[in-house]
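Work through the exercises below with the sequence and the model side by side. Each task is followed by a solution in steps.

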Amino acid sequence: VQPDSNRVKQFLEQFTIGQLAMVGTLEQGPTRFALVRDADGGVHRVQRGDYMGSDHGKVQRVDEAGIELIEIVPDGTGGWVERARTVALNETG
């Protein structure tokens, strides 16, 4: 397990997960998007397969309650490990 250093970074990867907040969902046909507010106040659509957060977080699932990610983080011994992470819906918007 290791991050793909050849992959072009997506916009929301410049922020830590703590700087991002899920503020809603949007459905277009069969696709469900999460609406994510960044630290600068911008709102972005993310869907399964997109990346967000500074720890190479790949969106695995979007539902009304939150976004499920798999992050790739250093394991402390020079390697990498996958870590599950959830960004819950921010009820206060």
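**Exercise 1.** Find which residue of S2 stands opposite Thr25, and state how S1 and S2 pair.

Solution. Step 1: the partner of Thr25 in S2 is Ala34. Step 2: seven bridges join S1 and S2, and the pairing is antiparallel. Strands here are DSSP runs of E with at least two residues, helices are runs of H or I with at least four residues, and both are numbered from the N terminus. Two strands pair if DSSP finds at least two bridges between them. Step 3: the hairpin of S1 and S2 has two residues between the strands, and Gly29 in this hairpin takes a positive phi near 60 degrees.

The model is predicted: local features need pLDDT of at least 70 and side-chain atom pairs count only at pLDDT 80 or more, while totals for chains, interfaces and linings use all residues. Residues are numbered from 1 along each chain as its sequence is written, and side-chain values use heavy atoms, with hydrogens and water left out.

**Exercise 2.** Follow the chain from S2 into S3 and list the opposite residues.

Solution. Step 1: S2 covers residues 31-37 and runs antiparallel to S3, with four bridges between them. Step 2: Val36 faces His44 in S3, and Arg37 has Val43 as its bridge partner there. Step 3: five residues lie between the strands in the hairpin of S2 and S3, where Gly41 takes a positive phi near 95 degrees.

**Exercise 3.** Put the strands S1, S2 and S3 in sheet order and name the edges.

Solution. Step 1: the order is S1-S2-S3, in an open sheet with antiparallel pairing. Step 2: S1 (21-28) and S3 (43-46) are the edge strands, each pairing on one side only. Step 3: on average, neighbouring strands of this sheet are turned by 30 degrees against each other, direction ignored. Axes for such angles are lines fitted to C-alpha atoms, for helices over the stretch in contact, and angles run from 0 to 180 degrees between N-to-C directions.

**Exercise 4.** Do the same for the sheet of four strands.

Solution. Step 1: this open sheet has the order S4-S5-S6-S7, again with antiparallel pairing. Step 2: its edge strands are S4 (51-52) and S7, each of which pairs on one side only. Step 3: two bridges link S4 to S5 (residues 57-63) in the antiparallel sense. Tyr51 is placed opposite Lys58 in S5.

**Exercise 5.** Decide whether Glu71 is buried or exposed, and list its side-chain polar contacts.

Solution. Step 1: Glu71 belongs to strand S6 (residues 66-74). Step 2: Glu71 counts as buried because its relative accessibility is 0%. Buried means under 20% relative accessible area, exposed over 50%, and partly exposed in between (1.4 Å probe, protein chains only). Step 3: the side chain of Glu71 makes a polar contact of 2.7 Å with that of Arg83 and one of 3.4 Å with that of Arg85. A polar contact is a pair of N or O atoms within 3.5 Å; within protein, one must be able to donate a hydrogen and the other to accept it, and residues adjacent in sequence count only if both atoms are side-chain atoms. Step 4: beyond four places in sequence, the contacts of Glu71 (heavy atoms within 4.5 Å) include Ile17, Asp55, His56 and Val81.

**Exercise 6.** Is Glu13 buried or exposed, and what does its side chain contact?

Solution. Step 1: Glu13 sits in the segment before S1. Step 2: with a relative accessible area of 7%, Glu13 is buried. Step 3: its side chain has a polar contact of 2.8 Å with the side chain of Arg7. Step 4: among the other residues that Glu13 touches, leaving out those up to four places away in sequence, are Tyr51, Met52 and His56.

**Exercise 7.** Is Thr86 buried or exposed, and which residues does it touch?

Solution. Step 1: Thr86 is part of strand S7 (residues 80-88). Step 2: Thr86 counts as exposed because its relative accessibility is 56%. Step 3: not counting residues up to four places away in sequence, Thr86 touches Ile67 and Glu68. Thr86 and Glu68 are 18 residues apart in sequence, with 4.6 Å between their C-alpha atoms.

**Exercise 8.** State what the chain contains as a whole.

Solution. Step 1: the protein chain has seven strands and zero helices. Step 2: of its 93 residues, 33% count as buried.
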